[in-house]
Amino acid sequence: MIEKQTDEQTDEQNAGIKKLEIPGIFAIDASNELVKATVTTKLCEAEIYLQGAHLTQWQPLGHEPVLFLSERSSFTKGKAIRGGVPIIFPWFGARTATTSSNRTDGPAHGFARTADWQLLSARMDNEQLILSLSLEANETSKALGFDQFRLTYRLILGSELTMELTVENLSATTLEFAEALHTYFLVSDAPEAQISGLGGSLYYDKTDHFKQKRQEEAVLALVGETDRPYTSNAATVLLTDPVLKRQIEVSKSNSQTTVVWNPGANLTAKMADMEPDGWQKMVCIEAANALENAITLAPGAQHTMSSQVVVTSCV
C-alpha cells in the first residue's frame with residue numbers, strides 16, 4: 001500500500017513538472033529512473049537532472065560541449081553523477097563522526113547532489129532559458145543534522161552559463177556549511193591544458209598531506225593527480241585548451257575558495273564510474289566556500305554564491 005502511494009505521488013509530481021515545459025525549448029523526460037530536462041534554444045543546448053539539480057551538458061552555439069560527463073556515470077537514484085556540475089552542500093569532502101560534536105557520518109560532499117530537487121520555474125528571457133530549482137530538509141538531511149534550510153538554484157542558460165546557489169537559514173540558530181559548484185570542464189588532453197589566474201595564490205595540496213603551499217608559476221599545467229583548494233581566493237580563472245583552440249573563463253562572486261582537481265591515471269583506475277582515460281578529458285575548476293572559508297549564516301539570513309562561464313575561440 002505504501003509503495004502504491006509513493007508511485008501515485010511520483011506520477012502526480014511528474015505531471016506537475018510537465019506543465020513547466022516550453023514547446024520546442026524545454027522538455028521533461030520522466031520515463032527513466034531519473035527525471036531529465038532537455039534544453040534546446042537558439043543560443044545553446046543543455047541537459048539537467050532533477051536529482052541533484054545536476055547540470056550534465058551545456059553547449060553554446062558554435063562550440064564543442066563544455067562539460068565533461070563520464071561514459072561510466074551511473075544514472076540511478078541515490079548515486080552521484082560523475083561529471084557535469086554536482087552541487088556540494090553542506091560539507092566539502094569527507095564527513096566522519098566525532099563524539100565531541102555529536103556528528104554522524106555522511107556521504108562525501110554532502111547530500112544535495114543525490115537529493116531530489118523541485119523544479120520551480122522555467123522561462124525565457126532574451127533567448128536565454130532561466131531555470132529555478134529548490135531543495136528543503138528531508139529525512140536524509142534531518143538525520144544528518146540539517147533540518148531547517150532552503151537551497152535555491154538558478155541557472156541562466158544561453159551563450160554564457162550562470163549558476164547561482166542561494167542558501168537560506170530557516171532556523172533560530174546559526175547555520176554552518178561549506179558549498180561548491182563542482183564543475184567538470186571537457187578538455188582535449190588534460191596535460192596540455194593551461195590554467196591561469198592563480199599564480200602567487202596559497203593552496204592546500206591534498207596530494208601531499210594537505211600541506212599549504214604557494215603556486216609560484218603563473219600558468220598551471222597538470223602533472224599527475226592534482227587536488228588544490230585555493231583559500232581566500234576570488235580570482236577569475238582562465239582554462240586554455242590549445243587543441244580545441246578555445247578558452248573557458250570562470251568568474252565568480254561570494255566565493256572565497258577555488259578548487260582545481262584532476263584525479264590522474266592512478267586514482268582514476270580506482271574509480272568505478274570513470275573510464276580509464278577519463279582523467280585526460282576533464283579539469284575541475286570549482287567556485288566554493290570551504291575549509292576556513294566555510295559559511296556561518298545567521299538565523300533568517302541567506303547567502304548566494306554564483307559562477308559564470310564564458311567560452312571563446314582562440315588561435
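In which helix is the place of Asn266? In this predicted model, Asn266 sits in helix H3, which covers residues 264–268. The residue counts as exposed because its relative accessible area, 65%, falls in the range over 50%. Set against Ile156, Asn266 is 110 residues away in sequence, and the C-alpha to C-alpha distance in space comes out at 36 Å.

Next, the sheet. Strands of a sheet pair through backbone hydrogen bonds, either parallel or antiparallel. Here the pairing is antiparallel, in an open sheet of 9 strands that runs in the order S6-S7-S8-S9-S23-S19-S18-S13-S16. Its edges are strand S6 (118–125) and strand S16 (219–220), each of which pairs on one side only. S6 runs antiparallel to strand S7 (residues 128–136), and 7 bridges join the two. Within this pair, Arg123 stands opposite Ile130 in S7. The loop between S6 and S7 holds Glu127, a residue other than glycine that nevertheless has a positive phi, near 70°. Glu127 is partly exposed, at 36% relative accessible area.

The loop between strand S5 (87–88) and S6 has a few things going on, and Arg95 is found there. With a relative accessible area of 11%, Arg95 is buried, since the cut-off is under 20%. A polar atom of the Arg95 side chain lies 3.2 Å from the backbone oxygen of Leu144. Pro90 belongs to the loop between S5 and S6 too, and a cis peptide bond, with omega at about 5°, joins Phe89 to Pro90. His109 also has its place in that loop. Though not a glycine, His109 shows a positive phi of about 65°, and its relative accessibility of 14% makes it buried.

On to the nonpolar core. In soluble globular proteins, nonpolar side chains tend to be buried together. In this model, the largest nonpolar core takes in 66 residues, and those with the most contacts inside it are Phe26, Leu55, Trp58, Trp117, Tyr153, Leu157 and Ile195. Strand S8 (residues 149–157) gives the largest share of this core, 5 residues. S8 also has a place in the open sheet, between S7 and S9 in the strand order.

What about empty space? Rolling a probe the size of a water molecule over the atoms shows where such space is left. The count comes to 1 cavity of 30 Å³ or more, and the largest cavity holds about 40 Å³ of space. Its lining is made up of Ala235, Val237, Val250, Lys252, Thr258, Ile285, Glu286 and Ala287. Two or more residues of that lining come from each of strand S19 (246–253) and strand S21 (282–289). S21 supplies the largest share, with 3 residues. Sorted by class, the lining has 5 nonpolar, 1 polar and 2 charged residues. Of these strands, S19 is also part of the open sheet, where it stands between S23 and S18 in the order.

One last contact involves Thr231, which lies in strand S17 (residues 226–231). Thr231 is buried, at 8% relative accessible area. Its side chain makes a polar contact of 3.2 Å with the side chain of Glu292.

Methods: Residues numbered from 1 in each chain as written. Predicted model: local features only at pLDDT ≥ 70, side-chain atom pairs only at ≥ 80, totals over all residues. Heavy atoms only, no water. 1 Å grid on protein atoms, 1.4 Å probe; cavity = no way out; pocket = protein on both sides within 12 Å on 5 of 7 lines; lining within 4 Å. Points joined across faces, edges and corners; volume = space filled by probe spheres on them. Helix = DSSP H or I, 4+ residues; strand = E, 2+ residues; numbered from the N terminus. Nonpolar A, V, L, I, M, F, W, Y, C, P; charged D, E, K, R; others polar. Core = buried A, V, L, I, M, F, W, Y, C linked by side-chain atoms within 4.5 Å. Buried < 20%, exposed > 50% of the residue type's maximum accessible area, 1.4 Å probe, protein only. Pairing = 2+ DSSP bridges. Polar contact = N/O pair within 3.5 Å; in protein donor to acceptor, adjacent residues only side chain to side chain.
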